[in-house]
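Hi everyone, thanks for coming. Let me put the structure up, and then we can walk through it together.

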Amino acid sequence: MRCLRRCWVKKMPVTIKTEHEIELMRVAGRYLAEVHEELAAALKPGMTTKDIDRLGEKLIRKRGCIPSFLGYSGYPASICVSLNEEVVHGIPSDKRFIQEGDLVSLDAGLIYKGFQSDAARSYVIGNCDEAKMKLVEATKEAFFRGIAAATDGAHLHDIGAAISDYIEPLGYGIVEDLVGHGIGREMHEPPEVPNFRQRSRGIRLRKGMTIAVEPMINMGTWQVDFLDDGWTTLTADRKPSAHYENTILITDGAPEILSLPGGRRS
Ligand code: MF3
Ligand code: CO
């Protein structure tokens, strides 16, 4: 989610979900996990980024859900497809072909019975570029390190601190212009969830909060540029970037990963 320059978070209090709302968010998350699995199975060289979007929209609608990105602030597609140096919010196109060795980040969101789920995955096509694969793995690991700190009574910024502790020694850059977010009836609810260390501790996390944690990790500099299409975010040094995101529920113990049923590290 975009913050600092143009904040998307709705002005509202942080919400604690009821058991019924959590149940709906579990279903939304399970459907979104399935959509990602089907997209991953379909990813092949020669496809266009628009092919991925078309398939994603079909998979979302087939489950009786609404693609939450489509039309959001004018975004023109259901799936954000970002290649290589594109960090997030790439716009699908009939003219962009996926090639062997590409690092492809897919971000998708859906609404089930009024409740949102948001998740992103990155892949290297053909598993043939070692440096890109390491970046993808580290980005996923950063997510798991971050959420390990997200338990009832912990502070929000413990998440970013844990991600920084893991990523900084690897020499990668953590994107700061975009952050994770609360999620529920709205895709972007408070609080903002930074993926990097803060000076403050942030609010206390409480059981029943639902947030999307989404580290964006760059092979080189943390700095990014925004394309004048109003969406595509790319690395300032044009080196590759990876993204990994899930919608999680804060509990007494380890968070429940709603968009990854069973908490599998897929
Ligand atoms: N995961 C993305 C985010 O939180 C989803 C928003 S993409 C948009 O920024 F197209 F809907 F804007
Ligand atoms: Co998000």
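How far is a nitrogen atom of ligand 1 from an N or O atom in the side chain of Asp-107? The distance is 2.7 Å, and please keep in mind that this is a predicted model. A side-chain N or O atom of Asp-118 lies 3.1 Å from a nitrogen of ligand 1, while Glu-214 offers a side-chain N or O atom 3.0 Å from an oxygen of the ligand. On its own, ligand 1 would expose 330 Å², and the protein buries 100% of that.

Let's look at the surroundings. Ligand 1 occupies the largest cavity. Around ligand 1 there are 15 residues, of which Met-1, Asp-107, His-181, His-188 and Glu-214 come nearest. By type, that shell has eight nonpolar, three polar and four charged residues.

Now for the metal. The cobalt ion, ligand 2, is coordinated by OD of Asp-118, NE2 of His-181, and OE of both Glu-214 and Glu-245, at 2.1 to 2.3 Å. Along the chain, these donors follow the spacing D-x62-H-x32-E-x30-E.

And the geometry? Six octahedral donors would ideally give angles of 90 or 180 degrees. The six donor atoms of the cobalt ion make angles of 69 to 170 degrees, and the site is irregular.

Glu-214, then, appears twice in this story: as a contact of ligand 1 and as a ligand of the cobalt ion. Thanks, everyone!

Conventions
Residues numbered from 1 in each chain as written. Chains lettered and ligands numbered in written order. Predicted model: local features only at pLDDT ≥ 70, side-chain atom pairs only at ≥ 80, totals over all residues. Heavy atoms only, no water. Near = heavy atom within 4 Å. Polar contact = N/O pair within 3.5 Å; in protein donor to acceptor, adjacent residues only side chain to side chain. Areas by Shrake-Rupley, 256 points an atom, 1.4 Å probe, with all protein chains shown as cover. 1 Å grid on protein atoms, 1.4 Å probe; cavity = no way out; pocket = protein on both sides within 12 Å on 5 of 7 lines; lining within 4 Å. Sits in = over half its atoms within 2 Å of the grid points. Nonpolar A, V, L, I, M, F, W, Y, C, P; charged D, E, K, R; others polar. Donors = N, O, S within 2.8 Å, 3.2 Å for Na, K, Ca; no water. Tetrahedral: all angles 85-135°; square planar, octahedral: opposite > 155°, others 65-115°.
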